[in-house]
Amino acid sequence: MIDFRSDTVTKPSKEMLDAMFSAPVGDDVFMEDPTVNELEQFAADYFGMEASIYCSSGTQTNQIAINIHVDQGGEVITNEDSHVYKYEGGGIARNSGASVRLIRGNRGRLTLEDVEQWINPDDVHFPVTQLVSLEDTSNRGGGAIYDFEEIKRISEFCRKSRLPIHLDGARLMNAMIENKIDLKEYASQFDSISLCLSKGLGAPVGSLLIGKKDFIKQARRVRKVFGGGMRQAGIIAAGGLYALKNNVERLKEDHLHARALETELSSLNWVKEVVPVDTNIVVAILNDTSKRDVIINKLAEMDVKVMAFGPGMIRFVTHLDISSTDIDETLECLRKISV
Ligand SMILES: *Cc1c(COP(=O)(O)O)cnc(C)c1O
């Protein structure tokens, strides 16, 4: 089975499992788990930020960040396709009682002009704008990467306006590997960053929320309230630590694999177009939108799993459990399909 549905389907490697089985553990709610502490310190140093906290998921890290940055009735500016809005179960409203200003943007990304024009004036009619939330890479945008210059412009504006800026960096390392931007300089543009260890980095569980010491101290309280305080979490954190130390550089391979799929898909007569591939996500837009499920089923019969990604669209995500041989086999399977 070649599973392209998501980069969350990866299984821990033998080496990662060894690290997990032998990890020293303690009670992390007492902050006594040496492995969690090591991961949090390692991540903070890696990003050049003051502190970080290990959480159960990327939804949790995003929701904690929003809860800290925004008051009840405040407003978050984000892209209409952003994960924080679209795929977190209405968490902004449910957990934080906050309002959202959704912006169309381009492949999941915003510009400074988008942000600027939607800052509400200081007038009782409007919710108070309290947070800008960006996503890099953008999932719905087909793995699109932000132009770092745009991030700097938005960040500078937010700093001047005393407006916090959060990054949903679930797949940030994919962007970093592709752009060759200095991670610390990049990270310094944000007040908080969420990073998934359980996507392309290949850990079984967990995300990190990274920011200033005070912010992370608040995050520890909110995480507990959200039911996310874990005890001997070192056993899973060890997988995350292993992932961050060993699986970043290799993301390049996933991007090459995604480009190979892009090239093949672009040449097929049942594909109308492929969203330009920036990282590890490939979105094919079909000529005949009614054939989406037929194609998905034909691929499944050949042991290739892909995901429906809206009307007439299918998504392939490459990751560390997909080898070059798997890619070659998939290209063969794609050629065999006629609809
Ligand atoms: C996967 C993902 C998350 C977090 O998802 P979890 O499944 O909760 O870990 C957040 N943002 C983006 C853009 C994602 O793709």
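Here are some worked exercises on the predicted model shown above.

**Exercise 1: the sheet around β10**

Work out which strands make up the open sheet that contains β10, and in what order they run.

*Solution.*
- Start with β9, residues 271-274. This strand pairs with β10 in the antiparallel sense, and three bridges hold the pairing. For one bridge to look at, take E273, whose partner in β10 is I285. Getting from β9 to β10 takes a hairpin with six residues.
- Now go to the other partner, β13 (residues 313-317). β10 and β13 are antiparallel too, with five bridges between them. I285 turns up here again, with M313 as its bridge partner in β13. Further along, V282 sits opposite F316 of β13.
- Put the pieces together: the open sheet has four strands, ordered β9-β10-β13-β12, with antiparallel pairing.
- Finish with the edges. β9 and β12 (307-308) each have a single partner strand, so one side of each has no neighbour in the sheet.

**Exercise 2: two enclosed strands**

Decide whether the residues of β10 and β2 are buried or exposed, and say what that implies for each strand.

*Solution.*
- The cut-off you need is that buried means under 20% relative accessible area.
- Take β10 (residues 281-286). Six of its six residues are buried, so the strand is largely enclosed by the rest of the structure.
- Sort its side chains by direction. I281, V283 and I285 point one way, V282, A284 and L286 point the other way, and all of them are buried.
- Do the same for β2 (residues 51-55). Here five of five residues are buried, so this strand, too, is largely enclosed by the rest of the structure.
- Check its two faces: A51, I53 and C55 lie on one side, S52 and Y54 on the other, and all are buried.
- Add a pairing partner for β2. Strand β8 (residues 207-211) runs antiparallel to β2 over five bridges, and Y54 stands opposite L208 of β8.

**Exercise 3: the ligand site**

Find which residues come nearest to the ligand, and which polar atoms of G58, H83 and D168 reach ligand atoms.

*Solution.*
- Begin with the shell. There are 13 residues around the ligand, and the nearest are G58, T59, D168, R171 and K199. Helix α3 (residues 58-69) supplies the largest share of that shell, with three residues.
- Go through the polar atoms one at a time. For G58 it's the backbone: a polar atom there is 2.8 Å from an oxygen atom of the ligand.
- For H83, use the side chain, where a polar atom is 3.5 Å from a ligand nitrogen.
- For D168, it's a side-chain atom as well, polar and 2.6 Å from a nitrogen atom of the ligand.
- Next, the cover: on its own the ligand has 380 Å² of accessible area, and the protein covers 84% of that.
- Last, the location: the ligand takes up the space of the largest pocket.

**Exercise 4: H319 in its loop**

Place H319 in the fold, then find what its side chain reaches.

*Solution.*
- The residue belongs to the loop between β13 and α14 (324-336).
- With a relative accessible area of 1%, H319 is buried.
- Follow the side chain: H319 reaches the backbone oxygen of D3 at 2.7 Å.

**Exercise 5: backbone oddities**

Locate a cis peptide bond and two residues other than glycine with positive phi, and say where they sit.

*Solution.*
- The cis peptide bond links D136 to T137, with omega at about 0°. T137 is part of the loop between β5 (129-135) and α7 (148-160).
- M31 is one of the positive-phi residues, with phi near 60°. You'll find M31 in the loop between α1 (14-21) and α2 (34-47). A relative accessible area of 43% makes M31 partly exposed.
- K180 is another, with phi near 55°. The loop in this case runs between α8 (172-179) and α9 (183-187). K180 has a relative accessibility of 71%, so this residue counts as exposed.

Technical notes: Residues are numbered from 1 along each chain as its sequence is written. This is a predicted model: local features need pLDDT of at least 70, side-chain atom pairs count only at pLDDT 80 or more; totals for chains, interfaces and linings use all residues. Side-chain values use heavy atoms; hydrogens and water are left out. Buried means under 20% relative accessible area, exposed over 50%, partly exposed in between (1.4 Å probe, protein chains only). Two strands pair if DSSP finds at least two bridges between them. A residue is near a molecule or strand if one of its heavy atoms lies within 4 Å of it. A polar contact is a pair of N or O atoms within 3.5 Å; within protein, one must be able to donate a hydrogen and the other to accept it, and residues adjacent in sequence count only if both atoms are side-chain atoms. Accessible areas come from the Shrake-Rupley method with a 1.4 Å probe; for residues, only the protein chains shown count as cover. On a 1 Å grid over the protein atoms alone, a cavity is a set of points where a 1.4 Å probe fits but cannot get out, and a pocket is an open set with protein on both sides within 12 Å along at least five of seven lines; lining residues have an atom within 4 Å of a point. A molecule sits in a cavity or pocket if more than half of its atoms lie within 2 Å of its grid points.
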